[in-house]
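I opened this notebook to keep track of what I looked up in one protein structure, entry by entry. I begin with a single turn in the backbone and then move outward to helices, domains and the ligand.

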Amino acid sequence: MIETIGVVGAGTMGIGIAQIAAQNGHQVILHDHSEEQLQMSKLNLEKVLLRLVEKKRITDKERIVILGRILFTPKISELWPCGLVIEAIIESVEIKHKIFKALEAIVSEHCILASNTSSLSIASIGAVLKNSNRILGIHFFNPAPLMPLVEIIPSIQTAKKTTDTAKKLIKKWGKTVVLCKDTPGFIVNRVARPFYGEALRIYEEGIADFATIDWALKELGGFKMGPFTLMDYIGNDVNFAVTESVFKAFFYDPRFKPSFTQKRYAEAGYLGRKSGRGYFHYTEGNRNSEPLKDKALGSLILNRILYLLINEAIDAVFMGVASATDVDLAMTKGVNYPKGLLKWGDEIGLDLVLKQLQELFDFYGEDRYRPNPLLRKMVAENKRFFI
Ligand SMILES: NC(=O)c1ccc[n+]([C@@H]2O[C@H](COP(=O)([O-])OP(=O)(O)OC[C@H]3O[C@@H](n4cnc5c(N)ncnc54)[C@H](O)[C@@H]3O)[C@@H](O)[C@H]2O)c1
């Protein structure tokens, strides 16, 4: 049984992961090289826990116990008693290498070492370890205490025991765990690309404006937010960086090509909510245009984005990134999609999805619309993903 959990990096993700571990009864050692950051994170966590008391989710006694379980420390050497260390520092393979080398010299040989990286390969991070059997990816979503999904990513070096132990532990913390191959974007950040990319493409082709595209996805598709509202929420700089990194990591596969529109918005400083302006305005006195609530146009927009999403979900299964069940769980629990994409494909009819994708592919002649071979096979064999 793992009693003590280490977290390296007390930023956005690290403090959330520390909170989850402490709430689940573990002793937590939270290390950051910045004392200022440690203090700030502690203050933030105190506020979060007070709010939980106000909402009656925890008692005041529990709040004190949870806080008391976390040691905030600028000394990495204090991590020695940990059975699992989750690293959540800056996204740089060189800096992560330094941390993992240092950790290996401090912790016991049984300690599992995990990275919360969003875009680096687990194989590359683990390459510096003497015993790389104990490395794996444990990818939480932001905000970690609230988002139910965790992607578990064994690399080619990872021992089965490491994966099994981590899976069991994170499940015990009440999270929905999906298993995922060490491939770019893992499940969610790979499969979700067309939600943004195809929406931008539809806009660039002059088919509809931002408000109308968002209306179609939200009102007709049942998505919590339209793609442009969501990109403004995430930040255009951040979303563009993820798109660019997935594109590069896929050896410039044209399916993942970033959009000039998004690049220009990011370059202009139209970052979204945080800068007061993105695709929409967020300051007083500026009005956003109304959507054109045309059902035929809306369905065309929704279907085009949805079919590309379904095709991408099928590709993840085809390439062995994850099981069909885990792909659907990842998209419903990690990004709140109203339905699993594969289940959605089953419901629409895989033959219809194939027909529509084929029409797009024939018209544009671009790889992004090419129907996945597994989709063709399933239609030919009259199969569905789920009964
Ligand atoms: N922010 C997200 O939405 C999100 C979601 C999932 C995964 N991630 C991943 O989680 C990791 C952390 O992201 P974040 O958003 O929490 O970053 P952040 O910038 O909020 O926090 C990083 C923290 O690491 C500390 N740090 C940097 N170098 C260090 C070192 N050498 N030793 C000790 N501490 C060090 C910094 O002081 C900072 O407090 C990244 O790998 C990122 O890809 C982020």
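Which residue with a positive phi follows α13? I looked just past the end of the helix and found G320, whose phi is near 70°. Before going on, I note for myself that this is a predicted model, and I read every value below with that in mind.

**Entry on the length of α13**

I wanted to check whether α13, which covers residues 295-318, has the length that its residue count suggests. The helix has 24 residues, and because each residue should add 1.5 Å, counted over one less than the number of residues, the expected span is 34 Å. I then looked up the C-alpha atoms at the two ends, which lie 33 Å apart, so the expectation and the model agree.

**Entry on α9 and α13**

Next I asked which way α13 runs relative to helix α9, made of residues 210-220. The two helices pack with their axes 9 Å apart and at an angle of about 80°. Since angles of 65 to 115 degrees count as roughly perpendicular, I describe α9 and α13 as roughly perpendicular to each other.

I also listed who makes this contact: α9 brings I213, W215, A216, L217 and L220, while α13 brings G298, S299, I301, L302 and I305. Sorted by class, the contact of α9 with α13 holds 8 nonpolar and 2 polar residues, and no charged ones.

**Entry on the two domains**

I then stepped back to the whole protein chain, for which the domain assignment gives domain 1 as residues 4-179 and domain 2 as residues 187-387. The C-alpha centres of domain 1 and domain 2 are 31 Å apart, and the contact takes 10 residues from domain 1 and 11 residues from domain 2.

On the side of domain 1 that touches domain 2, I found that β7 (149-153) and β8 (176-179) each supply at least two residues, and that β8 gives the most, with 3 residues. By class, this side of domain 1 has 6 nonpolar, 3 polar and 1 charged residues.

**Entry on the ligand**

Last, I looked up what lies around the ligand, where I counted 23 residues, of which G9, G11, M13, S118 and N142 come nearest. The elements that give two or more residues to this shell are α1 (12-23) and α4 (93-106), and α1 provides the largest share, 3 residues. How is the shell around the ligand divided by class? I noted 10 nonpolar, 11 polar and 2 charged residues.

How values were computed: Residues are numbered from 1 along each chain as its sequence is written. This is a predicted model: local features need pLDDT of at least 70, side-chain atom pairs count only at pLDDT 80 or more; totals for chains, interfaces and linings use all residues. A residue is near a molecule or strand if its C-beta atom, placed from the backbone, lies within 6 Å of it. Helices (H or I, at least four residues) and strands (E, at least two) are DSSP runs, numbered from the N terminus. Ala, Val, Leu, Ile, Met, Phe, Trp, Tyr, Cys and Pro count as nonpolar, Asp, Glu, Lys and Arg as charged, and the others, Gly among them, as polar. Domain bounds come from an automatic or database domain assignment. Two residues are in contact if their C-beta atoms, placed from the backbone, lie within 7 Å. Axes are lines fitted to C-alpha atoms, for helices over the stretch in contact, and angles run from 0 to 180 degrees between N-to-C directions. Angles under 35 degrees count as roughly parallel, over 145 as roughly antiparallel, 65 to 115 as roughly perpendicular and the rest as oblique.
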